[in-house]
Amino acid sequence: MQAQRWYQTARDNRSRWDERQEVGAARSTKEAGEAAPGDPVEERGCRAMDPLEGTMTETTSLDPISPRLQRIAAIAEANPDEPLNPLAHFIDEYWLAEAYRRTRKDGAPGVDGQTAREYARDLVSNIYSLRDRAKSGAYWAPPVRWAEIPKGDGSETRTLGIPTFEDKILQRAVAMVLEAVYEREFHEGSYGFRPGRSAHQALQVTWKTLMDMSGGWVLEIDIRKFFDEVDHSQLREILRKRVRDGDLLRLINKWLQAGVLTEGKDQRLKRGTPQGGVISPLLANIFLHEVLDQWFEAEVKPRLDGEAHLVRFADDALLLFQDETDARRVLSVLPKRFGRYGLRLHPEKTRLVPFQRPPKGVKKPRNKSGTFDLLGFTHYWGRSRRGNWVVKRKIAKDRMSRATRALDQWCRANRHRPLLEQWQALVCKLRGLYAYYGVIGSVRKLRMIRYQAARSWRKWLDRRSQKGKMTWEYFQKLLEVFPLPYAARMVRA
């Protein structure tokens, strides 16, 4: 009887929700005016589609900002080998307003507990106050809130630093300046956290390069705890090669020395940049551009006998070689190169993988090519429908287990919420997984994720009450009202 009442309530709620959708009600993935269920780390639900509105709407236009970005880029291009100064004068109230517009509004609050909605209540005075403190040097970088998130298969954790919302705005403003300076200097093989570039593009370039070379040798580079081991003095030295503005360098130095708040104690960091900060990915790109990209393109490639390519997404990097001798020569000098900048390579995860195309006339080759992982996908040689050997991809095992485990944990933590809210959040999460993992060759894995999500949902609905049971029969009726989506289409990435 309890399950029947759930089913009737679900059908009524779904009908009312459909009516609101038809008359033009809020079309975000959560009910209008209600907070979406959050993730365990950042208390974040689906990303809000409509930005928060403040009283400074006239200053959020891109018109006064775009010419300045172009001006900075033109200055950087005209002076490729000289440090630029001044740059901080570009950051005024209009620049900060645009930085506010670009900052996510649904992220978790920092140590002060201030949300984006609270900051927007007095947006004008907050923006002007932030500008004055940043210009005068009186801005104090608050410590970041420390959180642990699972990494890979869950056996290891990764530290995530969550800044305050105001700190995110100022970091975004400085990142906009640095991005205009460095964007044209970054190499083509860098894809992480750059405008107009994505992980799917990195996967596509890797696939095309290996297909054109008929395979080869893949050197996987794994930097041990990169964001925790970045040397501050080395980073400052690299930044001074292109940026000499004292105000910007002081702000960056304050963020590096801000420290973290763990168990109520403020701890200062001597190394590393908190992963989770707005400016951290850009600083990582600048650092690795000097350590790896520029070194590989300018010094390594001219000395190689065969073809070689670099594909990097933040701290995940691959080197693709046509010749085995070239690959082994580079592998032998990599630890010294990274050690020069205070970084260490993981001895087991940094490896050389033979990835030659199998012979055409052999159905089962004796010497099988290896496999490697990149950005959550396992790459391997397989047969196409026409019988040709092609590079195929499937979702990596650790990403599969992490996705299903996260869905199960979410269903458990939110099983007492109304069914409509649970369904909306699950649909959002599944569509997010489909959007990233929906590449050719992953349809079976995506169906498995959907199946596991349905199982977890039914299991925790069954356990939220002792009066009634959510049997599979009633759950199938529930899915008729609240269907979980399938992967609509695959993209060739």
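Tutor: A crossing of two helices is left-handed if the near helix is turned anticlockwise from the far one by less than a right angle, and right-handed if it is turned clockwise. Please keep in mind throughout that this is a predicted model.

Student: Is the crossing of H6 and H11 left-handed or right-handed?

Tutor: The crossing in which H6 passes H11 is left-handed. The near helix is therefore turned anticlockwise from the far one, by less than a right angle.

Student: What makes H6 and H11 roughly parallel to each other?

Tutor: The axes of H6 and helix H11 (residues 280-300) cross at roughly 30° and come within 10 Å. Angles under 35 degrees count as roughly parallel, and H6 and H11 therefore receive that description. H6 contributes Ala175, Leu178, Glu179 and Tyr182 to the contact, while H11 contributes Leu282, Leu283 and Ile286.

Student: How do the residues of the contact of H6 with H11 divide into nonpolar, polar and charged, and what makes one of them charged?

Tutor: Six are nonpolar, none is polar and one is charged. Glu counts as charged, and Glu179 of H6 is part of this contact.

Student: Why is H2 called oblique to H6?

Tutor: The axes of helix H2 (residues 66-78) and helix H6 (residues 165-182) cross at roughly 40° and come within 7 Å. Roughly parallel needs an angle under 35 degrees, and roughly perpendicular needs 65 to 115. The value for H2 and H6 lies in neither range, so H2 is oblique to H6. The crossing of H2 and H6 is right-handed.

Student: Which residues make the contact of H2 and H6, and of what class are they?

Tutor: On H2 they are Leu69, Ile72, Ala73 and Ala76, and on H6 they are Met176, Val177, Ala180 and Val181. The contact of H2 with H6 has eight nonpolar residues, no polar and no charged ones. Leu, Ile, Ala, Met and Val count as nonpolar.

Student: What makes H13 roughly antiparallel to H14?

Tutor: Helix H13 (residues 397-413) and helix H14 (residues 419-437) pack at an angle of about 170°, and their axes are 11 Å apart. Angles over 145 degrees count as roughly antiparallel, so H13 is roughly antiparallel to H14. The H13 side of the contact consists of Arg399, Ala403, Leu407, Trp410 and Cys411, and the H14 side includes Gln422, Lys429 and Tyr437. By class, this contact has nine nonpolar residues, one polar and two charged.

Student: Why is the aromatic pair of Trp457 and Phe475 called edge-to-face?

Tutor: The ring centres of Trp457 and Phe475 are 5.9 Å apart, and the angle between the planes is 85°. Rings pair if their centres lie within 6.5 Å, and planes over 60 degrees apart count as edge-to-face. Trp457 and Phe475 satisfy both conditions, so the pair is edge-to-face. The pair links distant parts of the chain, 18 residues apart: Trp457 is in helix H15 (residues 443-462) and Phe475 is in helix H16 (residues 472-481). By this rule there are 17 aromatic pairs.

Student: What makes S9 and S11 stand at the edges?

Tutor: The open sheet of three strands has the order S9-S10-S11 and antiparallel pairing. Strand S9 (372-374) and strand S11 (389-395) each have a single partner strand, so one side of each is left without a neighbour in the sheet. The twist from one strand to the next averages 45°.

Student: How many bridges support the pairing of S10 and S11?

Tutor: Seven bridges join strand S10 (residues 377-383) to S11 in the antiparallel sense. Two strands pair if there are at least two bridges between them, so S10 and S11 meet that condition. The bridge partner of His379 is Arg393 in S11.

Student: Which are the edge strands of the sheet of four strands?

Tutor: The order of this open sheet is S6-S7-S3-S8, with antiparallel pairing. Strand S6 (308-313) and strand S8 (351-356) are the edge strands, as each pairs on one side only. S6 is joined to strand S7 (residues 316-321) by six bridges, and Val311 has Leu318 of S7 as its bridge partner. In the loop between S6 and S7 lies Ala314, which has a positive phi of about 60° although it is not a glycine.

Definitions and conventions:
Residues are numbered from 1 along each chain as its sequence is written. This is a predicted model: local features need pLDDT of at least 70, side-chain atom pairs count only at pLDDT 80 or more; totals for chains, interfaces and linings use all residues. Side-chain values use heavy atoms; hydrogens and water are left out. Helices (H or I, at least four residues) and strands (E, at least two) are DSSP runs, numbered from the N terminus. Axes are lines fitted to C-alpha atoms, for helices over the stretch in contact, and angles run from 0 to 180 degrees between N-to-C directions. Contact means heavy atoms within 4.5 Å. Rings of Phe, Tyr and Trp (its six-membered ring) pair if their centres lie within 6.5 Å; planes under 30 degrees apart count as stacked, over 60 as edge-to-face and the rest as tilted.
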